[in-house]
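Please follow this account with the structure open beside the text. It moves from one region to the next and explains how each is arranged.

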Amino acid sequence: MNISKILKNKYFKFGVAVTLYILFVLWLRNYWFLLGIPIIYDIYVSRKVNWTFWKSRKKKNHVIVEWLDALIFAVVAVSLINIFLFQNYKIPTPSMESTLLVGDHLYVSKTAYGPRTPNTPLSIPFLPNYVFGTRTYLEWIKLDYKRLKGFGRVKRDDIVVFNFPASDTVALEKSDPRAYAKGNFDYYDLIRDEARNLMLTDQARNNRTRPYHVYENYVREQIRQRYDVETRPVDRRDNYIKRCVALPGETVRIVDNEVIVNGEPQKGHQGIQRWYRVRTNGTPINPRSLGDYGIERDLADVRNNPNYTFPLTRESAEKIGALPGIVQVETMNLFADGEFDPDIFPHDEHYPWNLEFFGPLTIPAKGETVALNTQTLPLYRRIIHAYEGNDLEVRGNEIYINGEKRDSYTFQMDYFFMMGDNRHNSADSRFWGFVPENHIIGRPRLIWLSVDKEYGGIRWNRMFRIVRADW
């Protein structure tokens, strides 16, 4: 039997191609695509239509045409790989230090939790949302959320890449995926900050205030007049990476920066770091030695200062405490228990939470029903309106959803609570709340490249390291 002859047989090629295609359609669970089988038959067997119309079947093609054909194939292949298998993600901010570092390039598996079909399939591959002020995707076709079957589900302590929920609406002139790292505001921060300032001004002038939502609605209109405000579909929102600390139905609480889930402390991961106060006997610390403890160059300028504050893991804090001249190394807090921080979710004085003392908060689960009133509404407002697409209106103390008065709500999706390992320098669920299941992208599996712009060069010791949830 001539194996080479069999492999070249057009019916054999058709059989292999159509088998793989049917398996793909079964995975996709959209059986309309079975109508593509006649096209596959024509490509491999009947050859009635020239599907690669830019190429001639009758004569040798120019080298430019051959290059064009190779380019089209590469773009299609890489696009399908990015959609269904994996994509690259570069760590832009220090929110996951020291587990993951700025400049780490990650291989992110989409099959870990199941890939999503695109919400906006009409787009130019590999480009950001805007190039030279022109949008690179069209919303002529908008598909609903659909996730294909993956190898598992999100588990507690998994490191997860997801679309940033608060970037569903952006003021383009203020838009920056590293906004928190740069001290800038996102769209919702702008609204809250300006509404609070307007309320305080009104109180100072007139010794009275209106309901908060009156100021919020006024500020929202003012921002739309000052900036180009855009609403983005889920798959066009910024990508973030954090650790999942609580799953749907679980109750999370943060006490003195320690995460407690369902009454049990979170597992102590090696990479988790927080701010420490370091006191010396007056002898300055050599800044060159601090790189060994994961301290960035901009934080390592310690000249002529007997007392310092550094972001450290527990292990690094113990090692620094053993250095000559170090008198004391202790954790430090920025807030007290019960101190209200308006920048912390749900941004309401009924919930006096802050970065270090937060909750208890139960994470919404699909099918779960919660009581709805003016006190619980701040927790679920964005879920009801933004994530699950309902019309929401508050009239006095009464809540209306899609025009119907309601005193309860049943969730349509699962939600997750995400936090960065760099606890004092992470914009995470403590600031903007829950991550909906339709925002989950995938799980990082491998660091394939790590570039240290701060100290220069490649971090060779991090190349091709497996990303583990127990770091």
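**A guided reading of the predicted model**

In this predicted model, R243 stands opposite M419, a residue of strand β21. That pairing belongs to a longer contact between strands, for β8 (residues 239-246) is joined to β21 by 3 bridges, and the two run antiparallel. Strand β21 is also joined to β22 (residues 435-436), here by 2 bridges and again in the antiparallel sense. Within that second pairing, F416 has V435 of β22 as its bridge partner.

How many residues of β21 are buried? The count is 5 of the 5 residues in the strand (415-419), so β21 is largely enclosed by the rest of the structure. In a regular strand, side chains alternate between the two faces of the sheet. In β21, Y415, F417 and M419 lie on one side and F416 and M418 on the other; all are buried, and both faces are thus covered.

Residue R243 leads to another place in the model, as it is among the residues in contact with D158. D158 is found in the loop between β4 (134-135) and β5 (159-163). Is D158 buried or exposed? Its relative accessible area is 3%, and residues under 20% are counted as buried, so D158 is buried. Its side chain makes a polar contact with the side chain of Y113 at 2.8 Å, and the side chain of D158 also reaches the backbone nitrogen of K155 at 3.0 Å. When neighbours within four places in sequence are set aside, the contacts of D158 include K242, C244 and R443.

Attention now turns to two open sheets. One has 3 strands in the order β13-β12-β14, paired in the antiparallel sense. Its edge strands are β13 (307-313) and β14 (326-331), each of which pairs on one side only. From one strand to the next, the twist averages 30 degrees. Strand β12 (residues 273-280) is linked to β14 by 5 bridges in an antiparallel pairing, in which Y276 has T331 of β14 as its bridge partner. Helix α8 (residues 314-321) lies across β12, β13 and β14, and its direction makes an angle of about 140 degrees with β13.

The other open sheet also has 3 strands, in the order β17-β18-β19 with antiparallel pairing. Strands β17 (392-395) and β19 (404-406) each have a single partner strand, so one side of each is left without a neighbour in the sheet. On average, neighbouring strands here are turned by 35 degrees against each other, direction ignored. Strand β18 (residues 398-401) pairs with β19 over 3 bridges in the antiparallel sense, and I401 has E404 of β19 as its bridge partner.

Helix α9 (residues 377-387) lies across β17 and β18, at about 145 degrees to β17. The buried residues of α9 are L377, P378, L379, Y380, I383, I384 and Y387. Just after this helix, G389 takes a positive phi of about 70 degrees.

The last region is a pair of helices. The axes of α2 (residues 10-28) and α3 (residues 37-46) come within 9 Å and cross at roughly 155 degrees. Angles over 145 degrees count as roughly antiparallel, and α2 and α3 are therefore roughly antiparallel to each other. Their crossing is right-handed. Among the residues that make the contact are F14, A17, V18 and Y21 of α2, together with I37, I40, Y41 and Y44 of α3.

Definitions and conventions: Residues are numbered from 1 along each chain as its sequence is written. This is a predicted model: local features need pLDDT of at least 70, side-chain atom pairs count only at pLDDT 80 or more; totals for chains, interfaces and linings use all residues. Side-chain values use heavy atoms; hydrogens and water are left out. Two strands pair if DSSP finds at least two bridges between them. Helices (H or I, at least four residues) and strands (E, at least two) are DSSP runs, numbered from the N terminus. Axes are lines fitted to C-alpha atoms, for helices over the stretch in contact, and angles run from 0 to 180 degrees between N-to-C directions. Contact means heavy atoms within 4.5 Å. Buried means under 20% relative accessible area, exposed over 50%, partly exposed in between (1.4 Å probe, protein chains only). A polar contact is a pair of N or O atoms within 3.5 Å; within protein, one must be able to donate a hydrogen and the other to accept it, and residues adjacent in sequence count only if both atoms are side-chain atoms. Angles under 35 degrees count as roughly parallel, over 145 as roughly antiparallel, 65 to 115 as roughly perpendicular and the rest as oblique. A crossing is left-handed if the near helix is turned anticlockwise from the far one by less than a right angle, and right-handed if clockwise.
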